[in-house]
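Visitor: Could you walk me through the charged contacts in this one? Let's pull it up and have a look.

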2 protein chains.
Amino acid sequence: MALIVQKYGGTSVGSTERIKNVARRVAKWQKAGHDVIVVVSAMSGETNRLIALAQEIQKNPDPRELDVVASTGEQVTIGLLAMALKALGRKAKSYTGPQVRILTDNAFTKARIKEIDAHRIREDLENGNVVIVAGFQGCDSEGNITTLGRGGSDTSAVALAAALKADECLIFTDVDGIYTTDPRVVSNARKMDKVAFEEILEMASLGSKVLQIRSVEFAGKYKVPTRVLSSLTDPDIPIEEEEESGTLITFEDSKMERVLVSGIAFSRNEAKITLPHVPDVPGIAYKILGSIAEANIEVDMIVQNASKDGMTDFSFTVARSDLDKALKVIEKEVSPYIQEGGVLSDPSIAKISVVGVGMRSHAGVAAKMFKVLAEENINIKMITTSEIRVSIIVDEKYMELAVRALHKAFGLDKETRSMEQSRLMH
Amino acid sequence: MALIVQKYGGTSVGSTERIKNVARRVAKWQKAGHDVIVVVSAMSGETNRLIALAQEIQKNPDPRELDVVASTGEQVTIGLLAMALKALGRKAKSYTGPQVRILTDNAFTKARIKEIDAHRIREDLENGNVVIVAGFQGCDSEGNITTLGRGGSDTSAVALAAALKADECLIFTDVDGIYTTDPRVVSNARKMDKVAFEEILEMASLGSKVLQIRSVEFAGKYKVPTRVLSSLTDPDIPIEEEEESGTLITFEDSKMERVLVSGIAFSRNEAKITLPHVPDVPGIAYKILGSIAEANIEVDMIVQNASKDGMTDFSFTVARSDLDKALKVIEKEVSPYIQEGGVLSDPSIAKISVVGVGMRSHAGVAAKMFKVLAEENINIKMITTSEIRVSIIVDEKYMELAVRALHKAFGLDKETRSMEQSRLMH
């Protein structure tokens with residue numbers, strides 16, 4: 001008998017029929033003798049509906065009040081799922097985040113969990129209940145309702161699993177696991193059986209949407225065994241089969257043999273801005289990027305070329321949707337540094353990242369990457385690296401070709417050769 | 001400066017436009033220097049939508065979980081109204097019932113308020129906030145969410161006014177006050193400026209829908225000055241004018257001169273059942289009505305005719321929608337008492353009630369009522385009386401004629417002659 005936390009996202013509870021399916025799946029685990037805590041999101045579309053309603057009232061809704069409104073989505077789902085379990089003859093009790101005292105800071109719409117009072121949940125589990133908790137929400141120390149931001153239900157689930165020392169946290173979703181890269185781009189992308197949590201973190205920060213990044217941080221901090229798996233299978237499939245499905249996030253140190261590269265991530269939503277021939281003096285980066293930051297535009301990659309005659313070329317990337325705004329800011333705030341060449345911008349670039357904890361102990365990943373792209377005649381426009389990642393910028397039109405070539409060159413299409421291998425998703 | 005509780009029902013907050021209008025009205029009162037607490041219902045249609053969703057999952061939804069789901073309707077409204085007030089530059093804070101500790105018993109879906117912690121609300125008022133509280137809901141001593149039953153927001157408002165010793169409780173609704181009878185039946189029905197709370201109680205128990213009966217009991221118990229008025233006027237009408245509009249519920253003893261009759265209520269949803277010629281022995285009423293009660297059918301009027309040869313005719317009324325069910329119960333459970341004549345039933349009757357606290361000290365209201373109906377050739381089928389009410393059953397087809405004749409005979413169409421006069425609604 002184990003203590004299992006299961007999380008179901010908005011698509012998995014998107015209709016009353018689907019909620020009944022979730023109830024069947026949960027009942028199966030409970031009947032097999034497990035204690036089950038279920039965390040659910042709002043029915044798909046509901047959070048957007050509530051936010052739209054709020055925006056009809058106030059263009060930028062007051063954050064405290066937006067949380068009061070938005071948190072009702074999950075509250076509806078918990079009640080409905082409890083009913084569905086009771087209709088199956090199981091004991092079940094639902095709780096909002098505040099009711100089980102998921103204590104957060106008071107950063108409305110993006111609160112962080114500080115503490116969870118597991119006492120009430122334990123008591124209900126001992127009495128044979130499935131305990132259903134609303135994801136995405138909690139309350140601050142004054143009892144104000146808070147929400148954790150988009151995707152926050154993942155964090156609720158992992159945090160509950162950590163607080164209750166659950167044996168496993170199962171994140172049910174509409175994909176069947178985490179892939180070496182996006183199967184829509186590389187047809188022989190492989191689902192990974194295991195993946196290291198640092199790799200997931202790196203990929204999530206690059207825009208992957210499989211898990212909310214804070215849930216992965218939580219999982220890493222408290223070493224919560226977390227598995228991503230499909231909610232679209234037959235709810236009655238045997239538990240032994242379900243237990244082995246999806247992708248498990250692991251926390252072992254990479255002492256055993258590992259492949260170099262685990263997965264390849266990419267993003268099309270990038271744009272590059274270059275200020276050619278600016279004076280290479282201290283503080284120039286701050287002068288340019290400070291005004292961009294003040295306008296609430298996030299900068300991703302930054303490259304300053306080698307200086308020549310006291311002048312340099314300064315390039316950085318922003319989200320494509322922020323490009324026009326960024327160019328206006330530069331024209332207004334940084335005009336003294338703009339030379340006759342003006343400001344150059346390129347809205348048609350893509351970022352490709354190669355990720356793997358194996359890179360830590362092996363040099364040469366970047367070199368191999370550049371060689372592969374050179375063989376395909378793809379020009380690299382910018383490069384950044386971290387301990388377990390190399391990211392490059394290329395022309396958008398070469399993106400798919402580059403991803404496929406890299407996926408093949410790093411052997412990601414081949415079968416796993418050892419249990420210790422871990423690979424990464426899009 | 002006064003402390004005012006204002007309650008707005010589902011129609012008054014039925015769209016984001018209407019919520020903005022409510023905000024303008026509330027802001028007007030606050031700007032004039034008053035402390036304002038606002039209690040709101042769910043947007044019209046929302047509670048029904050949520051209940052339908054629950055019924056898709058479970059035909060008879062689990063009461064605890066139904067309250068978890070249904071209470072979200074009001075929670076959405078409080079957040080939206082707070083935003084609308086902030087958009088007008090006012091300070092505002094919204095609270096769910098549990099957050100301000102509206103403590104109830106644990107009778108889910110029909111809980112009763114036991115206690116309210118006014119401390120947090122007072123603090124917010126002192127800091128210049130409009131305080132917005134979700135109607136219809138609270139929590140039990142274990143923190144489980146409870147709801148007060150249909151129309152419960154009225155009770156929330158009056159209970160908050162009592163707990164905070166508010167100067168007045170304004171119940172904003174889609175009618176402009178309480179009438180001597182239904183204006184759709186009697187075109188010169190008059191809106192009353194004042195009405196005694198016992199009269200409202202009597203009328204509410206007869207099926208009037210202007211106020212939830214428990215809110216009137218609360219108002220009576222704690223002598224909360226309560227006014228029913230329209231939310232459909234221009235939100236910016238002068239406060240002095242708004243303060244004098246609608247109908248005020250009063251608690252004075254009727255020491256001063258009063259008119260006999262204040263108002264006339266009626267209901268079409270009645271049916272009569274007669275068991276002719278049953279043995280007139282002790283316990284016969286219990287034997288018949290006990291089985292009806294066990295089937296959860298509510299009995300309204302009961303008449304047992306004078307005994308003759310040890311036999312009697314036994315009649316009672318039920319809601320028309322319960323008639324078939326009641327007849328089946330009688331056939332099954334009471335068959336030994338049914339004589340050859342069988343069971344008689346009449347689905348085409350109506351109940352008319354004449355109400356007034358003045359009846360207490362003046363006899364003759366019933367006599368006058370019978371005389372008026374006799375003059376119109378209307379046959380009376382059953383009669384019951386209370387201290388301040390006389391109710392009769394007539395053929396449904398005579399109902400409107402009877403109501404008009406009584407309205408005129410008791411002078412309800414005439415202008416109020418003294419401040420102490422109070423009249424009653426449909």
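Guide: Sure, starting with a group: A:Arg268, A:Arg320, A:Glu396, A:Glu400 and A:Arg404 are linked in a network of salt bridges. This is a predicted model, where local features need pLDDT of at least 70, side-chain atom pairs count only at pLDDT 80 or more, and totals for chains, interfaces and linings use all residues. Side-chain values use heavy atoms, without hydrogens and water.

Visitor: How many salt bridges are there over all chains?
Guide: A salt bridge here is a side-chain nitrogen of Lys or Arg within 4 Å of a carboxyl oxygen of Asp or Glu. By that rule, the count over all chains is 46.

Visitor: Which residue of chain B forms a salt bridge with A:Arg49?
Guide: A:Arg49 is partly exposed at 34% relative accessibility, where buried means under 20%, exposed over 50% and partly exposed in between (1.4 Å probe, protein chains only). The pair crosses between chains, joining helix H2 of chain A to helix H2 (residues 46-57) of chain B; helices are DSSP runs of H or I, at least four residues, numbered from the N terminus. The closest N and O atoms are 3.8 Å apart, and the partner is B:Glu46.

Visitor: How far apart in sequence are the parts that B:Lys28 and B:Glu242 tie together?
Guide: These two form a salt bridge, with closest N and O atoms 2.6 Å apart. B:Lys28 lies in helix H1 (residues 16-31) of chain B and B:Glu242 in helix H9 (residues 239-243) of chain B, so the parts tied together are separated in sequence by 214 residues.

Visitor: Is B:Glu242 buried or exposed?
Guide: Its relative accessible area is 1%, so B:Glu242 is buried.

Methods. Residues are numbered from 1 along each chain as its sequence is written. Chains are lettered from A and ligands numbered from 1 in the order in which they are written. Helices (H or I, at least four residues) and strands (E, at least two) are DSSP runs, numbered from the N terminus.
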